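This report is meant for someone meeting the structure for the first time, and it moves from single cysteines to strands, a buried tryptophan and the chain as a whole. Please keep the view below at hand while reading.

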Amino acid sequence: MLLLILAFSLRLINENFKDLIAATGKASSVTTTLAIGLFRLVHLEKLNLAFNNFSYSEIPSVLGNLSRLTYLNLSYSSFSGQIPFAISKLSKLSTLDLSLNFAAVNPSKGLLELKRPDMKSLVQNLTSLTYLDLSMVDVSSPIPSVLEIFSSLTFFSCHNCKLFGKFPEAVFNLPNLELLEVSKNFELSGYLPEFYFSSQLKPLQICRIIASFNCSLQVLDLSYNNLSGMIPQCLTNFSNFLAILNLYANNFYGPIPRTGKSGNNLQLINLGRNKFCGQVPRSITRCSMLQYLDLRDNQINDTFPSWLGVLRKLKVLILRSNGFHGTIGAPEFDFVFPQLHIIDLSNNEFTGFLPSEYFKIWNAMRNHSTESLTYMHSTGFVFSVEYNHNYLSIYNYSMTLTNKGVNMEFTHVLDVFTVIDLSSNRFQGEIPDSIGNLEGLQLLNLSNNFLVGQIPPVIGSLSHLEALDLSWNKLVGRIPWQLRQLNFLAVFNVSHNHLTGPLPQGEQFDTFDNSSFDGNLGLCGNSLSKKCEDSETSSSSPPSSTLLEDEDLVSFFHFGWKVVLMGYGFGMVIGVIIGRLQSQEEMIDL
């Protein structure tokens with residue numbers, strides 16, 4: 001009964017915190033009020049003050065008096081300053097969450113720091129921890145080796161903590177680890193357990209170590225670090241629990257290991273921005289749950305992996321900036337890549353014609369339903385904490401666009417976002433009319449190829465198109481007047497072709513910069529140095545509405561769609577990167 005009363009009291013404090021602020025006018029006085037009341041409860045076992053606003057107050061040292069605490073959550077609460085040494089005295093803690101205390105004006109910068117005491121001094125007495133989240137705490141130190149003895153640890157996250165030095169390999173020996181996230185620690189270096197050793201025993205030992213913790217591992221995120229070496233084959237032999245494998249932006253090299261057994265739960269594989277070479281392993285087809293595959297910016301030498309089309313849940317395929325080559329050809333079956341709506345093959349060596357037959361069957365790019373807007377994510381990661389509660393985590397993905405060499409990161413990307421980027425290859429021939437089937441398309445980049453012929457008027461039926469880049473090709477003829485119908489078009493680039501005639505007038509075309517048309521000496525228009533003759537202007541006018549209905553070329557524009565992502569630019573490069581793992585506590589009966 002006593003515990004129930006205490007838990008109810010804490011919920012009241014949480015719910016009425018804003019009222020306390022309004023009554024006192026100062027967060028510091030509220031903190032004092034809380035301290036006077038809470039820290040007299042010496043039998044308290046669980047304290048959750050998450051999702052409040054303590055207006056950059058420091059964490060009170062008197063927390064150390066609550067010696068029976070097993071659960072302490074101060075996340076998302078705008079605490080600031082040095083984390084007090086008193087917390088290290090709470091030796092019974094199994095859950096410690098001090099994550100994501102940041103200023104609203106600068107959410108990328110954390111407010112807490114762990115320097116005096118440092119991380120080692122804080123945790124060395126907390127050997128009962130099962131859940132430790134210090135994300136966005138300024139640690140500015142190596143990961144302490146003392147963590148190697150934390151045999152009960154299931155969740156360890158130090159995202160964006162300014163960690164440096166060598167990552168302790170023995171952390172992989174923790175027998176109960178389910179989530180390990182140390183992303184965005186740019187000076188963190190080291191190796192994953194190496195498979196190739198001179199001793200014949202060591203590979204077996206390493207694989208046993210990995211197997212000992214990956215039996216329950218669900219998320220492995222080591223992105224944005226400086227890790228190097230080859231990935232041991234045994235690292236990919238995860239159990240059915242692993243859903244996220246993210247090694248983005250490191251220095252791993254060598255061939256991509258074969259993926260684990262059939263029936264695994266992998267939903268995302270991100271090996272982008274490393275130095276992997278060789279071919280894409282066909283064992284990836286065993287990952288029937290896979291939604292996102294990013295292999296960009298490596299040294300892969302292969303043909304188009306059309307066999308990935310059997311992955312019926314694959315939504316995002318990023319292969320840009322590798323050595324892919326050859327023709328894409330036609331699909332072997334009509335029902336391949338049924339869910340694909342983002343594909344980036346840019347900056348490779350593909351040849352032949354554009355994949356017109358694929359344009360006919362990429363059904364997920366045909367529709368642009370906005371009835372239920374959701375963000376790209378993986379979900380279902382559950383981590384146990386005290387009192388039959390769980391943390392249910394959602395792993396959100398963000399999109400990076402490169403505009404004229406400047407990276408722009410969107411922290412959330414709608415699940416309806418639809419992109420084709422085939423730029424900077426050696427495609428030839430005409431742009432096929434089948435591109436008009438993809439009515440949900442928002443970004444289309446075919447620049448820097450050897451395309452010929454005219455711009456097909458059917459592109460004017462892509463009513464959701466926001467960015468169209470056809471620059472640096474060999475296109476001829478006039479810019480079709482049908483493109484005036486693209487009311488969402490924010491970026492348009494046809495520079496360095498052989499286009500002629502007048503520019504379409506009005507609508508979005510009055511907003512495009514002149515550089516969009518550079519290198520087309522035959523183009524004329526009011527905004528260009530070359531003005532049009534009257535006869536040219538009149539001949540460029542659209543036909544009557546009756547003729548429009550007869551030709552049935554127009555896909556009528558839906559004005560109800562809300563533009564969510566803007567700011568795209570010429571020469572865009574699409575890539576998926578991994579965002580923060582966001583956790584929220586939910587009541588789940590076990």
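## Cysteines and their surroundings

C277 is partly exposed, because its relative accessible area of 31% falls between the limits of 20% for buried and 50% for exposed. The model in which this value was computed is a predicted one.

C277 also has a place in the pairing of strands, since this cysteine stands opposite Q299 in β20. Strand β18, which covers residues 275-278, runs parallel to strand β16, residues 251-255, and three bridges join the two. Within that pairing, G254 stands opposite F276 in β18. Strand β18 is joined as well to strand β20, residues 299-300, by two bridges, and these strands again run parallel.

How many disulfides does a search of the whole structure find? The search finds one, and the cysteines that form the disulfide are C524 and C532, with their sulfur atoms 2.0 Å apart. The link of C524 and C532 is right-handed, with 105° about the S-S bond. In general, a disulfide is a covalent bond between the sulfur atoms of two cysteines. C524 itself counts as buried, because its relative accessibility is 0%.

C161, by contrast in bonding, is in no disulfide, and the nearest cysteine sulfur, which belongs to C158, is 4.3 Å away. That distance does not qualify because a disulfide requires the two sulfur atoms to lie within 2.5 Å. C161 counts as buried, with a relative accessibility of 0%.

## Strands that run in parallel

The disulfide cysteine C524 leads to an open sheet of three strands, whose order is β33-β35-β36 and whose pairing is parallel. The edge strands of this sheet are β33 (476-477) and β36 (522-524), each of which pairs on one side only. Strand β35, residues 498-502, pairs with β36 in the parallel sense over three bridges, and the bridge partner of P502 in β36 is C524.

Another set of parallel pairings involves strand β29, residues 426-430, which is joined by three bridges to strand β24, residues 349-353. Strand β29 also pairs with strand β31, residues 450-452, in the parallel sense over three bridges. The table gives one bridge from each of these pairings.

| Residue | Bridge partner | Strand of the partner |
|---|---|---|
| T351 | R426 | β29 |
| E430 | V452 | β31 |

## A buried tryptophan in a loop

W362 lies in the loop between α6 (356-361) and β25 (377-384). Is W362 buried or exposed? W362 counts as buried, because its relative accessibility is 2%. Leaving aside neighbours within four places in sequence, W362 is in contact with V336, F337, L340, I343, I420 and L438. In the case of L438, which is 76 residues apart from W362 along the chain, the C-alpha atoms of the two residues are separated by 7.5 Å.

## The chain as a whole

The chain has eight helices and 37 strands, and buried residues make up 55% of its 590 residues. Among the contacts in the chain between residues at least 6 apart in sequence, 66% join residues at least 24 apart. The accessible surface of the chain comes to about 25,100 Å², and 52% of this surface belongs to carbon and sulfur atoms.

How values were computed: Residues are numbered from 1 along each chain as its sequence is written. This is a predicted model: local features need pLDDT of at least 70, side-chain atom pairs count only at pLDDT 80 or more; totals for chains, interfaces and linings use all residues. Side-chain values use heavy atoms; hydrogens and water are left out. Buried means under 20% relative accessible area, exposed over 50%, partly exposed in between (1.4 Å probe, protein chains only). Two strands pair if DSSP finds at least two bridges between them. Helices (H or I, at least four residues) and strands (E, at least two) are DSSP runs, numbered from the N terminus. Contact means heavy atoms within 4.5 Å. Accessible areas come from the Shrake-Rupley method with a 1.4 Å probe; for residues, only the protein chains shown count as cover.
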